[in-house]
Amino acid sequence: MRILFLGAGATGGYFGGRLMEAGADVTFLVRPRRLAQLRENGLVVESPAGNIRLPAQTISKARPGYDLVVLTSKAYDLDGAIEAIRPAMEPHTLVMPLLNGLNHIDLLDAAFGRERVLGGMCHIPITLEPDGTIRHLSPVHRLAFGARSPGQEAMVGRLAEAFRPTPVDWRRSDAIMQDLWEKFVFLATLAGATCLMRAPVRAIVSQPGGEGFLRALFAEAQATALAEGHPPSPASVTDSLDQLTDKDSALTASMMRDVVRGHRVEGEHIIGDMVRRGERHGLSMTLMSLALLHLRAYEAERLRRAG
């Protein structure tokens, strides 16, 4: 199986690197600056699960010849990502996105057809240093993937075999869309709360009304998932609320960290999509809408300062 990763940033570089380490045929489609780094230094990963330093196969323009394309771009770059990989999408080629939220699934289905879009999700605290080093920040490196139609099962099986020799905490899911919805509900709540309050979970829930606010925000997302036909399982609800109400937790969303750094954020893709889905069903999305207004105001001011 030949696998093409769009980009060799933190997430794509890490999972692609683990596959390379296990002997898989991996190529990275990258921009000129990253291309130069990879050609000079190879793919460099520093991780609690073991460091990687390997020469990387790279291309600067997509071409045919791949069985699977893995997308790890930011949601706001998805339109460009779709066009970048289009030349690689032969009739047999499937694409697996590892993006946050769900809106990208609809866009990829429209671009390539539902039967060619796998479900995928990951959880990994990781960053890309200016020198091109990928720094894995904790032992967590979870990955789940699964078929969205029966015709995709063979590819999922091949991908599972490719990941089997790696140290990655991977899982083949038989209900990947349910998994994606449960993550979406949790992430929208976490991002909405920590961005709005500019604080980690512990700082929010330690204040009067803080835990009630988080639970109410979660309830809006949970009601939306129910209306869309994917109610979170009782185990997922318990796990999510345990994390969201932990008075000792320093947990924040990566979106909040982007806000603090003055970076562009995926507010429309995560919070905005949740609000739009809820409102389509006539649900009250008061708190989630407030979080969205906050992120829109942040983006407007960020753009104004950038000129």
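## A small sheet to start with

Let's begin with three strands that make an open sheet, lined up as β8-β11-β12 with mixed pairing. Keep in mind that this is a predicted model. At the edges sit β8 (119–123) and β12 (169–172), each pairing on one side only. Going from one strand to the next, the twist averages 10°.

How do β11 and β12 run? They are parallel, and four bridges join β11 (residues 142–146) to β12. If you look for R142, you'll find it opposite D169 in β12. A helix joins the picture too: α6 packs on the sheet and touches β8, β11 and β12, with its direction at about 40° to that of β8.

## α6 meets α8

α6 also packs against α8, at an angle of about 145° and with the axes 9 Å apart. Their crossing is right-handed.

Who touches whom here? On the α6 side, look for residues including W181, V185 and L196; on the α8 side, F213, L214 and L217 are among them. Sorted by class, this contact has 11 nonpolar, four polar and no charged residues.

## The nonpolar cores

In soluble globular proteins, nonpolar side chains tend to be buried together. The largest nonpolar core here has 46 residues, and M255, I271, M274 and M288 touch the most other members. Elements giving two or more residues to this core include α8 (210–227), α11 (267–280) and α12 (286–306). Which helix gives the most? That's α6, with 14 residues.

Zoom in on I271: leaving out residues up to four places away in sequence, it touches A188, A191, G192, M288, A291, L292 and L295. Apart from this core lies another one of 37 residues, among them F5, F145, V156 and A162.

Methods: Residues numbered from 1 in each chain as written. Predicted model: local features only at pLDDT ≥ 70, side-chain atom pairs only at ≥ 80, totals over all residues. Heavy atoms only, no water. Core = buried A, V, L, I, M, F, W, Y, C linked by side-chain atoms within 4.5 Å. Buried < 20%, exposed > 50% of the residue type's maximum accessible area, 1.4 Å probe, protein only. Contact = heavy atoms within 4.5 Å. Axes fitted to C-alpha atoms, helices over the stretch in contact; angles between N-to-C directions. Left-handed = near helix turned anticlockwise from the far one by under 90°. Nonpolar A, V, L, I, M, F, W, Y, C, P; charged D, E, K, R; others polar. Pairing = 2+ DSSP bridges.
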